[in-house]
Amino acid sequence: MLAALGSLAAALWAGLHLRTLLLGTFVFLFFVDFLKRRRPKNYPPGPPRLPFFGNFFQLDFQQPSWGIQKFVNKYGNMVSMDIGLLNTITVTGLPLIKEVLTNPDHGVVNRPLSPLRKHMFKKHGVVMSSGQEWKEQRRFALMTLRNFGLGKKSLDERIQEEAHYLVEAIQEEKGQPFDPHFKINNAVSNIICSVTFGERFEYDDARFQELLKLMDEVTHLEIGFCCILFNIFPEIMKLLPGSHQTVIKDFEKLKMFVSQMIENHRKDFNPDEPRDFIDAYLKEMTKYAGTVSSSFDDENLVTSTLDLFLAGTETSSTTLRWGLLYMALNPEIQEKVQAEIDRVLGQSQRPSTDHRDQMPYTNAVIHEVQRMGDIIPLNVAREVAFDTTVAGYYLPKGTMIMTNLTALHRDPKEWATPDTFNPEHFLENGKFKKRESFLPFSVGKRVCLGEQLARAELFIFFTSFLQKFTFRPPANEKLSLKAKISAAISPVSYRICAIPRE
Ligand code: HEM
Ligand SMILES: *[C@@H]1O[C@H](CO)[C@@H](O)[C@H](O)[C@H]1NC(C)=O
């Protein structure tokens, strides 16, 4: 009896103890949070926030821009919001976006590293790295892309050849409804694959198709709810099931594929004759062998290669899928593009980027596809490298900056019909007209590294498609412009008919 009472008391005491401890911890964390959240003077305004969660519950993650517009209307062109413990600023409007992205005095050149990315890739590579490491990796990647573009086989030729294979594959559909998604993905990916791995993959290569599916899945799930939770509570979410675990597994598989490619290259690597990006990188590594001051190491080799592979596939491919959709939905515009192709190229000449200047209408249509497709609505996030002041607002080092490209691309003051597909936006007296409020590749020191390549891909693939086919909705099926929320906003899957023109 006494013993039982004793243990009860002990249990009570322990329970109380635990509760006191928990309460104490909570008060302490609350206090730390409070201190952390005290805003510096002149910090941009924003909606009121909760402890720990910040503005998390005020955001609607089902919407492409998380339903933030109401805050922009209320607080202006620089809105501060906290997502968990992450301090973010959303910037709206061309002058301010340009100022933030291009003025080196503001140092908005780093990348915020989400816990998920950190878990997978540390801070390496081109896309997510910062500081000296980023400078070295980016410079090298740019130079190598350029060298392989100007080498034996020009990028134009590679793209023409691939476009030819893709046209053949589409011909096999014989005008019947089909989903063009993974054929286009494969063809586009082959361009960057031929540069990085020195090879292309057949469209019926099951292993490569599997990788493309993983890539598609990752871009979709990475911005989903579970991954957002992972980024706020990584230690807890690591232990829980959910789609973040799928993303981690997919990334592992993609990394494995790249590592395998690298191992194969090492076997017959000849520093005097680099065949592709991986060879060039292996050669660069030998320059620094034994020194610790360089970022050219095994980890950066894998991550930079994977970065090019990922960044170079989903983006251009998604844009082309938007393009086919807009053509099938706007037959009179499609006809005008085909008339221009017939005039400048005819049926037999292969399109190349040299033809772009002679084909203002086609060029305008491609730009309009990019404007309406608007595949990266909030740009890729940047981070402030040192304390700075923009437009009178103080931004401390480490603040995350999002720039609203959708607001530019749909600005009613800039575009005659902001929400309607209209190539005239990019034309003036029959000539192509550049537009300042068009920034799908972003601007500044971190501007898309593949912009030239992507623009060549879009022009050559798109022109080749319309040279050979007319795209129509399948009989009795309605094509929809509904978007699938993803790291690169894509159309929901659709089927289309490619009617041969000859
Ligand atoms: C239509 C196609 C594409 C679009 C719309 C696009 C868009 C973008 C955007 C908005 C950024 C962020 C820039 C910034 O932070 O200011 C970016 C970065 C990047 N893109 Fe692209 N991109 C496309 C195709 C490509 C291709 C084909 C490659 C292949 C080489 C590529 C490689 C990269 C890389 C490596 C970065 C990171 C650059 C850095 O952080 O320094 N992109 N892209
Ligand atoms: C970006 O701008 C668009 C169009 O004005 C708006 O609908 C969206 O909510 C904005 N997103 C953010 C994050 O400010």
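Q: How many helices and strands does the protein come to?
A: The secondary structure comes to 18 helices and 12 strands. Bear in mind that this is a predicted model.

Q: Okay, and what share of the residues is buried?
A: Buried residues make up 52% of the 502 in the protein.

Q: What about contacts, how much comes from residues 24 or more positions apart?
A: Taking contacts with a separation of 6 or more, 72% are between residues 24 or more positions apart.

Q: And the surface, how much area does the protein expose?
A: About 24,300 Å², with carbon and sulfur atoms supplying 58% of that.

Q: Switching to the metal: which residue is the protein donor of the iron atom of ligand 1?
A: Cys448, through SG, at 2.3 Å. Cys448 is the only protein donor of that iron.

Q: Where does Cys448 sit?
A: In the loop between strand 8 (431-432) and helix 18 (451-468).

Q: Which residue in that loop has a positive phi without being a glycine?
A: Ser442, which is found in the loop between strand 8 and helix 18. Its phi is about 70 degrees.

Q: Is Ser442 buried or exposed?
A: Ser442 is buried, with a relative accessible area of 8%.

Q: How about Asn42, what's its phi?
A: Asn42 has a positive phi too, about 65 degrees, and is not a glycine. Asn42 lies in the loop between helix 1 (2-37) and helix 2 (69-75). As for cover, Asn42 is partly exposed, at 48% relative accessible area.

Q: Let's talk rings. How many aromatic pairs does the structure hold?
A: There are 22 aromatic pairs. One of them is Phe140 with Tyr281, an edge-to-face pair at 5.3 Å centre to centre and 85 degrees between the planes.

Q: Which parts does that pair tie together?
A: Phe140 lies in helix 5 (residues 131-150) and Tyr281 in helix 12 (residues 277-287), so the pair ties together parts that are 141 residues apart in sequence.

Q: Are those two rings' residues buried or exposed?
A: Phe140 is buried, with a relative accessible area of 5%, and Tyr281 is buried at 0%.

Q: Got another pair? What's the geometry of Phe465 and Phe471?
A: Phe465 and Phe471 are edge-to-face, 6.2 Å centre to centre with 70 degrees between the planes. Phe465 and Phe471 are both buried.

Q: Back to Phe140, which residues form a cluster with it?
A: Phe277, Tyr281, Tyr288 and Phe296 join Phe140 in one aromatic cluster.

Q: And what does Thr144 touch around there?
A: Leaving out residues up to four places away in sequence, Thr144 touches Phe277 and Ala280. Thr144 is found in helix 5, where it is buried with a relative accessible area of 3%.

Q: Which arginines lie over rings?
A: Among them is Arg356, over the face of Phe459 at 5.9 Å from the ring centre. Arg371 has its charged end over the ring of Trp415, 5.1 Å from the centre.

Q: Last topic, helix 16. How far does it reach?
A: Helix 16 (residues 360-373) has 14 residues and reaches 20 Å from its first C-alpha to its last, close to the 20 Å expected at 1.5 Å a residue.

Q: How many of the residues of helix 16 are buried?
A: 14 of its 14 residues, so to speak a mostly covered helix.

Q: And what comes just after helix 16?
A: Asp374, which takes a positive phi of about 45 degrees.

Definitions and conventions:
Residues numbered from 1 in each chain as written. Chains lettered and ligands numbered in written order. Predicted model: local features only at pLDDT ≥ 70, side-chain atom pairs only at ≥ 80, totals over all residues. Heavy atoms only, no water. Phe/Tyr/Trp six-rings, centres within 6.5 Å; stacked < 30°, edge-to-face > 60°. Helix = DSSP H or I, 4+ residues; strand = E, 2+ residues; numbered from the N terminus. Buried < 20%, exposed > 50% of the residue type's maximum accessible area, 1.4 Å probe, protein only. Lys NZ or Arg CZ within 6 Å of the ring centre and 35° of its normal. Donors = N, O, S within 2.8 Å, 3.2 Å for Na, K, Ca; no water. Contact = heavy atoms within 4.5 Å. Areas by Shrake-Rupley, 256 points an atom, 1.4 Å probe, with all protein chains shown as cover. Expected span 1.5 Å × (residues − 1).
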